[in-house]
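Here are some notes for a colleague who is opening this structure without having seen it before. Please keep the three-dimensional view at hand while reading.

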Amino acid sequence: MFKRTKLYKTLILITVFLVVGFTFAGIGCVDKNSEDVSTTEKTPSASEGASAKQSIIVKGSDTVLPLSQAEAEEFMLKNPEQSITVIGGGSGVGIAALIDGEVEIAMASRSMKDSEIEEAKQNGINPLETVIGWDGIAVVVNPENPVSQLTFTQLKAIYDGNVSNWKDVGGEDRQITVISRDSSSGTYEYFKEEILVESEYRQDALVQPATGAIVQEIAQNKGAIGYIGYAYLDTSTKALALDGGEGVFVPATEEMILSGEYPLARQLYYYTNGEPQGLAKEFIEYIMSGEGQAIVSDVGYFPAK
């Protein structure tokens with residue numbers, strides 16, 4: 001009887017140890033599995049992580065700036081996990097940043113120069129050009145200025161210093177305040193090529209670092225003249241009709257720019273290092289889509305296609 005009781009107790013103890021052992025083993029398995037699931041949720045795959053954290057910098061032309069800002073805002077509304085930083089400063093500034101590998105996209109209101117392309121290649125950068133829209137350069141004066149039109153010859157004389165009074169081009173007896181963009185601006189380069197040709201800007205020209213500053217100065221100065229992108233036109237300035245040598249004065253209107261009749265029309269560019277990749281590719285594809293080109297029109301420029 002004693003032996004049976006002892007054996008029975010021994011069996012009970014073994015059973016208890018087994019039950020307890022399996023219980024802790026089960027707890028250990030549950031904890032390990034829970035930890036794996038938690039880690040998976042907190043650490044996405046490489047592709048998911050890249051998609052969630054992509055960011056690019058778009059830098060350059062102040063003319064293209066408002067367009068890129070509008071496009072980036074709409075793109076990020078649809079893709080809130082993406083980040084696009086848009087910075088102005090001038091076409092030359094953006095191109096230099098691309099050459100130095102500091103940005104994914106350079107904005108420009110002029111084509112890259114041969115010297116810039118050569119420098120880029122020396123740095124291992126292969127510039128690829130994409131036309132994203134068209135723009136017209138408006139020559140503007142204060143709304144109270146009675147002059148409403150100029151020939152290219154008259155405009156050149158004003159900007160190279162041969163004419164300094166509005167009475168010499170059909171206006172009032174008032175000193176002309178000539179305003180220009182700085183030399184890093186693509187608009188500066190374009191205007192020089194089209195209007196000044198081989199001449200230089202006059203030494204006393206008031207140089208402004210941004211288009212907005214030109215608009216502000218002309219709005220406050222009855223004797224001022226400047227040039228700005230079409231998208232910057234508003235009621236604070238007056239755009240002049242221009243005769244590029246054809247004997248006809250053409251106003252700076254959307255219709256005249258799109259028809260090719262207005263003499264100061266140009267393309268707007270994005271430059272990337274070779275074929276764009278990742279977020280840069282997605283952003284440019286969005287700009288070139290029907291929706292993106294509609295934004296080009298909404299901002300005040302003209303679609304590339």
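The points below go from the whole chain to helix contacts, a pocket and single residues.

1. The model is a predicted one, and it should be read as such throughout. Its secondary structure comes to eleven helices and twelve strands, and of the 305 residues of the protein, 43% count as buried. Among the contacts between residues at least 6 apart in sequence, 73% join residues that are at least 24 apart.

2. A good place to begin is the packing of helix α3, which spans residues 65-78, against helix α10, which spans residues 278-288, where the axes are 10 Å apart and the angle is about 110 degrees. Because angles of 65 to 115 degrees count as roughly perpendicular, α3 is described as roughly perpendicular to α10. On the α3 side the contact is made by Ser68, Glu71, Ala72, Glu74, Phe75 and Lys78, and these meet Leu279, Glu282, Phe283, Tyr286 and Ile287 in α10. By residue class, the contact of α3 with α10 divides into six nonpolar, one polar and four charged residues.

3. Helix α10 also meets helix α11, residues 290-299, and here the two axes come within 4 Å and cross at roughly 65 degrees, so that α10 is again placed as roughly perpendicular, this time to α11. The residues of α10 that take part are Tyr286, Ile287 and Met288, while α11 contributes Gly290, Glu291, Gly292, Gln293 and Ile295. This contact of α10 with α11 has four nonpolar, three polar and one charged residue. The reader may wish to look at Tyr286 and Ile287 in particular, since they appear in the contact of α10 with α3 and also in the contact of α10 with α11.

4. Which residues line the largest pocket? The lining is formed by Ser109, Arg110, Ser111, Met112, Lys113, Glu189, Tyr190, Glu193, Arg266, Gln267 and Tyr269, and the space inside the pocket is about 160 Å³. Helix α7 and strand β11, which covers 265-273, each supply at least two residues of this lining. Sorted by class, the lining residues of the largest pocket divide into three nonpolar, three polar and five charged.

5. Lys192 has its place in helix α7, residues 186-196. Is Lys192 buried or exposed? Because a relative accessible area under 20% counts as buried, Lys192, with a value of 17%, is buried. Leaving aside neighbours within four places in sequence, Lys192 is in contact with Val197, Ser199, Glu200 and Tyr201. Of these partners, Val197 deserves a separate look: Val197 is in the loop between α7 and β7 (206-208), and it has a positive phi of about 55 degrees although it is not a glycine.

6. Arg174 lies in the loop between α6 (152-160) and β6 (177-181), and with a relative accessible area of 31% Arg174 is partly exposed. When residues up to four places away in sequence are not counted, Arg174 touches Ser164, Asn165, Trp166, Lys222 and Gly223. The pairing with Gly223 links positions 49 residues apart along the chain, and the C-alpha atoms of Arg174 and Gly223 are separated by 6.4 Å.

Note on methods. Residues numbered from 1 in each chain as written. Predicted model: local features only at pLDDT ≥ 70, side-chain atom pairs only at ≥ 80, totals over all residues. Heavy atoms only, no water. Buried < 20%, exposed > 50% of the residue type's maximum accessible area, 1.4 Å probe, protein only. Contact = heavy atoms within 4.5 Å. Axes fitted to C-alpha atoms, helices over the stretch in contact; angles between N-to-C directions. Parallel < 35°, antiparallel > 145°, perpendicular 65-115°, else oblique. Nonpolar A, V, L, I, M, F, W, Y, C, P; charged D, E, K, R; others polar. 1 Å grid on protein atoms, 1.4 Å probe; cavity = no way out; pocket = protein on both sides within 12 Å on 5 of 7 lines; lining within 4 Å. Points joined across faces, edges and corners; volume = space filled by probe spheres on them.
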